[in-house]
Amino acid sequence: NRQLTLAARPVGAPTANDFALQETTPPSPKQGEVLLRTVFLSLDPYMRGRMSDAKSYAEPVAIGEPMVGGTVSRVHTSLNPDFQVGDWVLSYSGWQDYALSNGEGLIKLDPAQVPPSYALGVLGMPGFTAYMGLLDIGKPQAGETIVVAAATGAVGSMVAQIGKLKGCRVVAIAGGAEKCAYALDTLGVDACIDHKADDFAEQLAQACPKGIDVYYENVGGKVLDAVLPLLNTGARIPVCGLISQYNATALPDGPDRLGQLMGSILVKRMTVKGFIIFDDYAHRYDEFAKDMSQWLRDGKIHYREQIVEGLDKAPQAFIGLLQGENFGKLVVRVGAD
Ligand code: NDP
């Protein structure tokens, strides 16, 4: 049983030395338990928060313990009558080959319907996040302009496509020409701006001739700076994530623009609302699952995964996620299915 544990709390960007690969014998299930074999491990930006012991909405991973994470797993051994050997389940087994479960919280998956790994992305946590943040907080109306960054990623790609389904103008922001081409050609956005371009702010302004009504906040930093002057009166900002800040160790150089931000919120009467998907919206999961499954079946939603082979590759892939190296929902294939 290989486990990737947290070896040290990173300062700034995580490095390979913050993780340790350990070998243990797989645990044995007791009566009522199942032993799960991890097939796919989801890598997500929130894991950077779990590596830190700064106060947050969830407990940090303890030093020496396996990193946490959502997995698609198969039942290897079952002493629980509700589960058969070979069953596919959505689990929270973390960065390891095997994990025990008493069955609580496991969700059975049917591989005949959709590829099981989709439960970690389009049909799981990131898709749900896009759906609720955009529709419940962003409240997009047909004809309005939505801006979303990290637009080819797990969450952003769904925000962009749901925005189009709702009849909006969608302006995507992504890192590099290849991602922008994908956003335009496959996700069907109206414009895509590369945030690495020198004239990024000017290009964004040009792409939003009627201003911005919904800014789905995934990244913060210089993207937010460029968005702020373009926001319309009554704009909505679902604050989903601030990935450009997750490795920050200090406040950015001045001048301090907090007053400017608060002033904009005041005079433009904007709604700025943060949310933590399962804490706030677990009761609405079925609504999401029904709509998203239908859109997928109808071919209205495109989904791109980047599958990295091997648990030992997880640290490098995760480090890259925080620097924009992934292209699509990042998943590690841990074991053969
Ligand atoms: P992605 O698949 O979008 O991967 C992360 C992407 O972020 C990168 O590919 C990169 O895209 C972009 N990025 C990374 N670093 C920077 C940077 N310094 N500046 C600008 N962009 C950067 O990840 P997810 O879709 O899983 O997550 C997107 C956001 O949603 C994150 O902020 C995450 O924390 C948040 N989230 C929040 C949840 C909640 O409950 N509130 C739940 C799930 C996710 P590019 O190369 O295009 O810039």
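How many helices and strands does the chain have? Here is a friendly walk through the answer and a few places worth a look.

1. **The overall picture.** This is a predicted model, and its chain has ten helices and 15 strands. The C-alpha atoms fill a box of roughly 60 × 45 × 35 Å along the principal axes. The radius of gyration is 21 Å, which agrees with the value near 20 Å that a compact globule of 337 residues would have.

2. **Burial and long-range contacts.** Of the 337 residues in the chain, 50% are buried. If you take the contacts between residues at least 6 apart in sequence, 67% of them join residues at least 24 apart.

3. **Helix 3, an enclosed helix.** A good place to start is helix 3, which spans residues 156-165. Eight of its ten residues are buried, so helix 3 is largely enclosed by the rest of the structure. The buried ones are Gly-156, Ser-157, Met-158, Val-159, Ala-160, Gln-161, Ile-162 and Gly-163. Their cover includes helix 2, helix 4 (177-187) and helix 9, along with strand 8 (145-149), strand 9 (169-174) and strand 11 (212-216). Just after helix 3 comes Gly-167, with a positive phi of about 85 degrees.

4. **Gln-161, inside helix 3.** Do look at Gln-161, a residue of helix 3 that is buried, with a relative accessible area of 3%. A polar atom of the Gln-161 side chain lies 2.6 Å from the backbone nitrogen of His-302. Beyond its neighbours within four places in sequence, Gln-161 is in contact with Leu-187, Lys-300, Ile-301 and His-302.

5. **Helix 2 against helix 9.** Both of these helices help to cover helix 3, and they also pack on one another. Helix 2 covers residues 125-138 and helix 9 residues 285-297; the angle between them is about 105 degrees and their axes are 10 Å apart. That makes helix 2 roughly perpendicular to helix 9. From helix 2, the residues at the contact are Gly-127, Phe-128 and Tyr-131, and they meet Tyr-285, Glu-287, Phe-288, Asp-291 and Trp-295 of helix 9. By type, the residues of this contact divide into five nonpolar, one polar and two charged.

6. **Helix 7, with little cover.** Is helix 7 hardly covered or largely enclosed, and how many of its ten residues are buried? Helix 7, residues 258-267, is hardly covered, with one of its ten residues buried. After helix 7 comes Arg-269, which has a positive phi near 45 degrees.

7. **Ala-207 in helix 5.** Helix 5 runs over residues 200-207 and contains Ala-207. Ala-207 is buried, with a relative accessible area of 6%. Not counting residues up to four places away in sequence, Ala-207 touches Arg-169, Val-171, Ala-191 and Ile-193. From Ala-207 to Pro-45, the separation is 162 residues in sequence and 28 Å in space, C-alpha to C-alpha.

8. **Asn-1, before strand 1.** Is Asn-1 buried or exposed? Asn-1 lies in the segment before strand 1 (2-6), and it is buried, with a relative accessible area of 11%. The Asn-1 side chain reaches the backbone nitrogen of Asp-97 at 3.4 Å. Leaving aside neighbours within four places in sequence, the contacts of Asn-1 are Gln-22, Glu-23, Thr-24, Thr-25, Pro-26, Pro-27, Gln-96, Asp-97 and Tyr-98.

Conventions:
Residues are numbered from 1 along each chain as its sequence is written. This is a predicted model: local features need pLDDT of at least 70, side-chain atom pairs count only at pLDDT 80 or more; totals for chains, interfaces and linings use all residues. Side-chain values use heavy atoms; hydrogens and water are left out. Axes are lines fitted to C-alpha atoms, for helices over the stretch in contact, and angles run from 0 to 180 degrees between N-to-C directions. Helices (H or I, at least four residues) and strands (E, at least two) are DSSP runs, numbered from the N terminus. Angles under 35 degrees count as roughly parallel, over 145 as roughly antiparallel, 65 to 115 as roughly perpendicular and the rest as oblique. Contact means heavy atoms within 4.5 Å. Ala, Val, Leu, Ile, Met, Phe, Trp, Tyr, Cys and Pro count as nonpolar, Asp, Glu, Lys and Arg as charged, and the others, Gly among them, as polar. Buried means under 20% relative accessible area, exposed over 50%, partly exposed in between (1.4 Å probe, protein chains only). A polar contact is a pair of N or O atoms within 3.5 Å; within protein, one must be able to donate a hydrogen and the other to accept it, and residues adjacent in sequence count only if both atoms are side-chain atoms. The radius of gyration is taken over C-alpha atoms; the globule rule is 2.2 Å times the number of residues to the power 0.38.
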